[in-house]
Structures are given as C-alpha cells and as structure tokens.
Amino acid sequence: MITLTGTLDLGRIPDEQFDPHFHLRVAVVFYDQVLGSVILKPVSRALPLAFSIPFSPAQFGFRRLPAALSVVIGADAAAIDLLATDTLRHEVSLAGLLHAPMEGLAIPVGTLRPGIAQYGRWLVGSGCFPLAGGTACTPPAGGDLDAEIAALDSEDARRNDYTIESEDDNPARFVGAALCADEERALDVMEINPDATDDRGARQVRVAGDCSGRPWHVAPSLVRLRAEINLRWPDRDKRSDGTIGDQSHCERPSDHNPNERGSVNAFDVDKDGIAPMEVVRAALLHPSTNYVIFNKTIWSRAYGFRARQYTGANPHTAHLHVSILSTEAAEQDSRGWRIWPLAAASSVDRLCIDVGRTYELMLTLDGKQFEVALTVLRAH
Ligand SMILES: [Zn+2]
C-alpha cells in the first residue's frame, strides 16, 4: 500500500463559523478516479488534524509522468459524489519519488488550509450558513426551546403519553417496493383519508403497559424534535401523539418500550396542523434517525432512506412515527432537527437550506425585482 499523509488546519475559520458537527472527506484522486478516502471529524478549529489515506499502487501508474495525483477535500459526500462537488484540490508533488519502492511508500502532502468562503459553502449542504443582513431563518430562541423541553419532560406531560395499540413491532417485515418518482411527489400533495384501522381517537382507550412501570424517559433527541415541532406549529392537533408503549407494545419488542437504558426511542406525532412531509424530511437528515413511517410509506436507514411502501396494519395516515437508532449517542444527540419557523424579513443573515424544501425569494438584479422559487434538490 501507498499512504498519503497530511494535516487539516481549520485555523482560518472564525470560531463563530466553525461547526464541530460538520465532517469532511479527504480523498486521493488520480485523474477522475478516487483511489482512497477518509472522513475527518474536526472537533476544534484550533487543533490541526492529521490524516493518512492508504491506497493500492496497482490502481495508479505514476511512473508514467506527468501523473495527475491530487488530494481533494470537501464536505462528507459519498466518495463517488465528492468529485462533483465544490472541493479544495491540491496537486501532489511526486518529485523525488520516481525511484522509491512503491510498497510502504508514504507521500506527505503537508497542511491543507480551507478558507472561510470554501468552508462556508461546504456548510450549506449541511444546514445553516451566515449571510450579511437580517434574519431569514433562525432556530427558536434557546429559552423558548428549553422551556418547551422542560414542559415535555414534566411528570404531568408524560402521564398521558401512551402511544397507540396497533403499532407494528418490527416494521422491517412490512417494507415493500421502492416508491417511483411520481409516487414520491404525490406524497406532498396527497389527500389523506384515514381508514377504520387507523389510530384516530384511540387516545381515549390508551392504558399504561407493564413495561412502562419501570423508570423511563423519552430519548432527549426525540424530546428536542417534539419541542421544535410544538414551537413551529403551536396550534397543532396532538391527539395522535405518543411516546411510551401501551400494554400491547410491552408484549413484544418496540422502540416505544424503554430499552436497557430506560430510553424510549420512538415518537408518534399527529399529522394534523403540521406539514408532515417537512417533518419527514427533517428527520431523514438527522444523524439519530433510524426510520420514519408515514402514509403507507417507510424511510429506513437500512435502505438509504429511499421511500418504500409500508404494508403494516396501521397505515400511519393520522400520525407519523419516528424511530431513532438504539445507541446512547443517538439518544443523547442534542443537535437540532432544523424544524424552524421562517421569519418574514427583507434581508437575511442566516439562511437554512433543507433538502426537499422550496423557498420563495425576492431577488433584485439590475434594478428589476424577480419572484423566485428555489427548490433544494440534494445536499453534497
Ligand atoms: Zn409509533
């Protein structure tokens, strides 16, 4: 193996623009082929991060000079997509290596220092970035969110939070064919007709299950999701909401039952009074999410979050179900779900880009005003 070694230095990024949750990918590229890559997770802008990328010399014939070997760094897109995105490219000097033995060869590339603008563009795909001016899209004020989270965590709120009886314990059994593009588009505009097997009105007959007699709590990441939904849609219908499993849940495995850490890792949210597909899309972008079920459709991490038919008895037409991964990291993840109200403002200093959403903007170009709808197709 040949190993390419170097250091990533984010010292040029101002503290307030550095995002410790943002991951980058560094790749060795020979012409347009990725020979190897690693993901970097810098937790501090002040600490340079060393990396080494092994790759096979068989893929690479640099003895036939001039060879175009580069190291490329960008947002953590899949390696195959990286080259189609905005990256920082650094030509690797092969001088002096021509007669070195290839096996075990280490090629140092020195320090890579992305600039502020480049780093800012990478952040676009992952969420928020700063602009000059006022506010287009802001997270709820910390105090509001904390108060909402405290209210949800209270004994009173939890006492009547049993979820429906007809939930499926193992949704993987009910994953059907992938939805075609037309069916996916229709999810946005579909009239939803809850049928008799749905959970509407089931709240009145909900009773506590044995397993909820043990100490339990809703995973903090899901409490935050719920708090964001409540702040975004304060008048929403909550009759089909629920977290802790009822008796029928207790008799089988379910994310609605407390796990070995006492954590309830599923949340049902009533679809009335919210924009359910916005919640679905936000959930699919969150690192904690395992799967989402809504309107006879399941988006599962196991299937790359592609929309697939869901054939379980409960069609999930009155509520949508969010399950997170059963790991402590997913349960405790405090990152936002980016379900934030859009404020009416004429200028912006933070713009949120959510994949799948359409933004209506007024643009002024050469003194003319244009009304523009901007749809975000994908993140790289
Ligand atoms: Zn559920």
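**View 1. Val71 and its partner across two strands.** Val71 has His90 of β6 as its bridge partner. Zoom out a little and you see that Val71's strand, β5 (residues 69-75), is joined to β6 by 4 bridges, with the two running antiparallel. Strands here are DSSP runs of E with at least two residues, helices are runs of H or I with at least four, and both are numbered from the N terminus. Two strands count as paired if DSSP finds at least two bridges between them. Keep in mind that this is a predicted model, where local features need pLDDT of at least 70 and side-chain atom pairs count only at pLDDT 80 or more, while totals for chains, interfaces and linings use all residues. Residue numbers start from 1 along each chain as its sequence is written.

**View 2. The open sheet around β5 and β6.** Here 4 strands line up in the order β3-β2-β5-β6, with antiparallel pairing. At the edges sit β3 (33-40) and β6 (88-91), each pairing on one side only. From one strand to the next, the twist averages 20°; the axes behind such angles are lines fitted to C-alpha atoms (for helices, over the stretch in contact), and angles run from 0 to 180 degrees between N-to-C directions.

**View 3. A second open sheet, with mixed pairing.** This one has 3 strands in the order β4-β1-β7, and the pairing is mixed. Its edge strands, β4 (49-55) and β7 (106-112), each pair on one side only. Ignoring direction, neighbouring strands are turned by 20° against each other on average. Look at β1 (residues 2-8): it pairs with β4 in the antiparallel sense over 7 bridges. One spot to find is Leu8, whose bridge partner in β4 is Leu49.

**View 4. β12, a strand under cover.** In β12 (residues 266-270), 5 of the 5 residues are buried, meaning that 20 or more other C-beta atoms lie within 10 Å of a residue's own (12 or fewer makes it exposed, in between is partly exposed, and C-beta atoms are placed from the backbone). Ala266, Asp268 and Asp270 point one way, and Phe267 and Val269 the other way. Next door, β16 (residues 319-324) runs antiparallel to β12 and is joined to it by 5 bridges. Within β16, His321 is the bridge partner of Asp268.

**View 5. Helix α6, tucked in.** 10 of the 13 residues of α6 are buried, so the helix is largely enclosed by the rest of the structure. Among the buried ones are Leu222, Arg224, Arg226 and Glu228. Helix α6 (residues 220-232) reaches 18 Å from its first C-alpha to its last, close to the 18 Å expected at 1.5 Å a residue; that expected span is 1.5 Å times one less than the number of residues.
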